[in-house]
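Here is a short report on one structural model. It starts at the nucleic acid and works inward.

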Number of protein chains: 2
Amino acid sequence: MNHVNISVVAKKANVSQTTVSRVLNNSPLVKESTAEKVRQVMEDLGYTPNELARGLRSNETKTVGVIVSNVLNPFFTSMVRGIEDLANKANYNIMLCNTDEKAEKEKQYIQALVSKRVDGLIVASAGTKNDYTALVGNKPVVFVDRRPSGANAGKFDTILVQNKEGSRQAVTQLIEAGYRRIAIITGSNISTTGYERLAGYEEAFLEKHLPLDRSLIKMGDFLGHTAYKNAIDLIQNQDCDAIFAANSMILLGVLKAAAEIGVQIPQQMGLCVFDDLEWMEYCRPQITAVRQPTYEMGTTAMSYLLERIAGKKEPVREIRLPVTLTVRESSQKK
Amino acid sequence: MNHVNISVVAKKANVSQTTVSRVLNNSPLVKESTAEKVRQVMEDLGYTPNELARGLRSNETKTVGVIVSNVLNPFFTSMVRGIEDLANKANYNIMLCNTDEKAEKEKQYIQALVSKRVDGLIVASAGTKNDYTALVGNKPVVFVDRRPSGANAGKFDTILVQNKEGSRQAVTQLIEAGYRRIAIITGSNISTTGYERLAGYEEAFLEKHLPLDRSLIKMGDFLGHTAYKNAIDLIQNQDCDAIFAANSMILLGVLKAAAEIGVQIPQQMGLCVFDDLEWMEYCRPQITAVRQPTYEMGTTAMSYLLERIAGKKEPVREIRLPVTLTVRESSQKK
DNA sequence: TTGAAAGCGCTAACAC
DNA sequence: GTGTTAGCGCTTTCAA
C-alpha cells in the first residue's frame, strides 16, 4: 500500500526494528510502555505488516489451498464454506481452485499453490495421474470426497463418505417401491465416488436377487455435462422406470430430460439422487435424496489439515462420514 | 518444500543467480543453450521458485482477493466461478472470503488480504461503515452487486445489475396475473440491492395505480435467516396472495413456509424470485424468476480488475448488467 | 529489556 | 550475454 515499513516505525518510535517486530508478534520480552508507544506509532502511520516478507522469513503464510472440481456443484460449495469458516477462525485464508476434473489443471494449481507457499492443501482429486508427493514434497495435504489412486496417495489423510452404503440404500428403496428397470447415471468409474456408488447400486440388486442390466448403467461425468443426453437415452430407448442420479449436477440433467419428454415422476418413473439439497424438499415432487454431511466434511478436512500444519505426526487417517437417505415423493410409486 | 533455491540452481549450472532469474522470467537476454542448461538443472533438482520472495521483490503476487457475503448463495457461487475462471486464464489465484454481511468481518478480511499483498480486490460489500480507501490505499478494488455508500466508495469500479427494473417487471407481472396483496421479502434497505429491489416493487404499484400496503413489505436479510418467519407471518396474518422474494436464499424460506402451511402455488398464492436457478425450471410449480448474469458479473469484475492492476487510469466505471424475467407457473393464477 | 547484523529467495540496476 | 551487488520487509540469533 503505502511505503511505511518496520524500519520507518522503528525510527519514529526511537526503537530498533527488532523491538517493533517483537511488538508485532506479541513477544512478552518488550516492556509494556515501549510496546504501547510502538503500537501508537503503528496506528499513526497506518502501518500494515508485509505478510510476504514475514512468510519468506518464517516459512508460514497462514494460507491454505483448496482444490475442487467445480465450486458450482453445491456439494463443493458447502464443503468450501466449511473449510473457510474454520480457516477464518484459525486466522487462515483460502485460495480456491476449480479443476473441472482435469488432472492437468489440478497439477498446475498444485504447483502454483506450492510456489506461493501455502501451508497446506485440501484436494478433491480430479484423477489418478498425479504423484502428489512429488508435487507437494512434505507439505500437508488432506484429500476429500475421493481417494486418489496415484502414487503415494496413501500417505495423506482422507475424508470420504459412505458412498456404497448410501447408494445401496437408495437403490434398495427404489426396488422396494416397486421399480424394476432402475438405471444409474454416474461419473467416471476411476474415482472413489464413481465406483463406490456404482458398487452400492449393484449390491442392492444382488441382495434382492434381481438381474443387473448393463445397459441401464451410464457412466458419464460428475460435472453433469452428459447427464441430460444419458437420461434421454435411458427413458426413450432403454425402457427404464427409475433413475438414480449419482450427484445433484447429474440430477439436473435428468430433470430436464424428464420435463422435456413429459414422464410423470414418480408414477411413470422413480427418481433418487446422491446429495441432498434444500430445494429438493420444497419442489414437487419432492426428491428422494441421500444426504452427505458436506459442511462437516469441510470443517473436518480443515481441522485435520491444521493439525498436520501444527506438526502432528500420527499415522495417516482415512475416515468415512455417514450418509442418510431421506425418502420423499419422487421414489414412491402411487 | 525442499531447500533448493535459485543459488543452488545457479551453482549446479555454473551460472549466476541473475541468469537463473532471467531464465525463470523468460528474459530474451539469455543464450538459448544456457537457458536450456539451466532449465535442465531446475528440472533435475525439482526447483520451485518461491513466489513469496518474488512478490516481495517485485510487488506483485498474482493473487486477488474475493470477498462475498456467503458463497453458499448460488448467486455468489456463480460469480466466484466467473472470477476464478478468468483469474486462472490470466495466471492469477483467488483468495475467497465470506463476510456473512458483517462489516467488521469484511474489514478484517480486507486488512488480511492487503497484508498478504494481493494485487487487487473484488468485493460484494457488506455495509457502509468501511472507508475503503483507508483500508486498501491505492490498491485496485472492484465492487460487485452492491455499491457501498461509505467514504470514498465512488472511487472504484462497480458492477451492478438492473435491480429496480427486474423487480418492477416481476411485480408488474404478478399484478397483471391478478394478484393484489403482493408482499415482498427483501434484505437490508441499506444495500443497493435492498433499496433498489424495493423501489422496483413500489414503482410497479405506482404505475398500476394500486395502493401500497406497508405491512406487506418485510425487510429481513439476504442470507435468508429471517425469510421463513416473515413468510409465515405474511401468509397467516397479512392475508397476502403473492410473495416476491428478493433473492433465492429468501425464496427457500418462503417455500418452506408455503409447504408447511399448505398453500397452493400459484392458485392460492403467487410466487416470484430475484435470481434464477436451474432447478426453478424443473420443479413443480416452476418458479417465475428474474435472471441475473451472475457468471458474467464475475468475469466482468475480474477483467476490470486486471485492467486496473495493469495500470489503467481511466475514469471510474459503473455498469449495470441486464436482467430478464422468465415467467413460469408459480406466478400465473389458473 | 533492547539492539546489531545476518539472511529468507528473489529481482534489478549497473557494470563488463 | 553474463555477473556483481544491493536490497524488498521481515525474523532471529547473538550480544549487551
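Which element gives the largest share of the surface near DNA strand C? The answer is α4(B), with five residues. This is a predicted model, and what follows should be read as such.

**Around the DNA**

There are 26 residues around DNA strand C. Ser16(A), Asn5(B), Ile6(B), Ser21(B) and Ala53(B) come nearest. Both chains take part: α2 (17-24) and α4 of chain A, and α2 (17-24) and α4 (51-58) of chain B, each give two or more residues to this surface. Its residues divide into nine nonpolar, 13 polar and four charged.

**Chain against chain**

Chains A and B meet through 41 residues of chain A and 41 residues of chain B. On the chain A side, six elements supply at least two residues each: α4 (51-58), α5 (74-89), β2 (93-98), α6 (103-115), α11 (248-261) and α12 (279-282). That side holds 20 nonpolar, twelve polar and nine charged residues.

A strand pairing also links the chains. β2(A) runs antiparallel to β2 (residues 93-98) of chain B, with three bridges between them. Within this pairing, Leu96(A) has Ile94(B) as its bridge partner.

How are the two copies related? A turn of 180° with a shift of 0.0 Å along the axis lays chain A on chain B, at an RMSD of 0.1 Å. The two copies are therefore related as by a two-fold rotation axis. Both use the same surface, since 100% of the contact residues of chain A recur in chain B.

**Domains of chain A**

The domain assignment divides chain A into domain 1 (6-49), domain 2 (61-162 + 294-323) and domain 3 (163-292 + 325-331). The C-alpha centres of domain 2 and domain 3 of chain A are 28 Å apart. Across their boundary, 17 residues of domain 2 of chain A contact 19 residues of domain 3 of chain A. On the domain 2 side, α5 and β5 (157-161) of chain A each supply at least two residues. By class, that side has five nonpolar, seven polar and five charged residues.

The table sets out the class make-up of the three surfaces described.

| Surface | Nonpolar | Polar | Charged |
|---|---|---|---|
| Near DNA strand C | nine residues | 13 residues | four residues |
| Side of chain A that touches chain B | 20 residues | twelve residues | nine residues |
| Side of domain 2 of chain A that touches domain 3 of chain A | five residues | seven residues | five residues |

**The six-stranded sheet**

Chain A has an open sheet of six strands in the order β7-β6-β8-β9-β10-β12, with mixed pairing. β7 (217-219) and β12 (324-326) of chain A each have a single partner strand, so one side of each is left without a neighbour in the sheet. From one strand to the next, the twist averages 15°.

Inside the sheet, β6 (residues 182-186) and β8 (residues 242-245) of chain A run parallel and are joined by four bridges. Here Ile182(A) stands opposite Ala242(A) of β8(A).

Helix α8 (residues 163-176) of chain A packs on the sheet. The strands that α8(A) touches are β6, β8, β9 (270-274), β10 (288-291) and β12 of chain A. The direction of α8(A) makes about 170° with that of β9(A). Helix α10 (residues 227-237) of chain A lies across β6, β7 and β8 of chain A. It runs at about 165° to β6(A).

Methods
Residues are numbered from 1 along each chain as its sequence is written. Chains are lettered from A and ligands numbered from 1 in the order in which they are written. This is a predicted model: local features need pLDDT of at least 70, side-chain atom pairs count only at pLDDT 80 or more; totals for chains, interfaces and linings use all residues. Two residues are in contact if their C-beta atoms, placed from the backbone, lie within 7 Å. Ala, Val, Leu, Ile, Met, Phe, Trp, Tyr, Cys and Pro count as nonpolar, Asp, Glu, Lys and Arg as charged, and the others, Gly among them, as polar. Two strands pair if DSSP finds at least two bridges between them. A residue is near a molecule or strand if its C-beta atom, placed from the backbone, lies within 6 Å of it. Domain bounds come from an automatic or database domain assignment. Axes are lines fitted to C-alpha atoms, for helices over the stretch in contact, and angles run from 0 to 180 degrees between N-to-C directions. Copies are superposed by least squares on the C-alpha atoms of residues with pLDDT of at least 70 in both.
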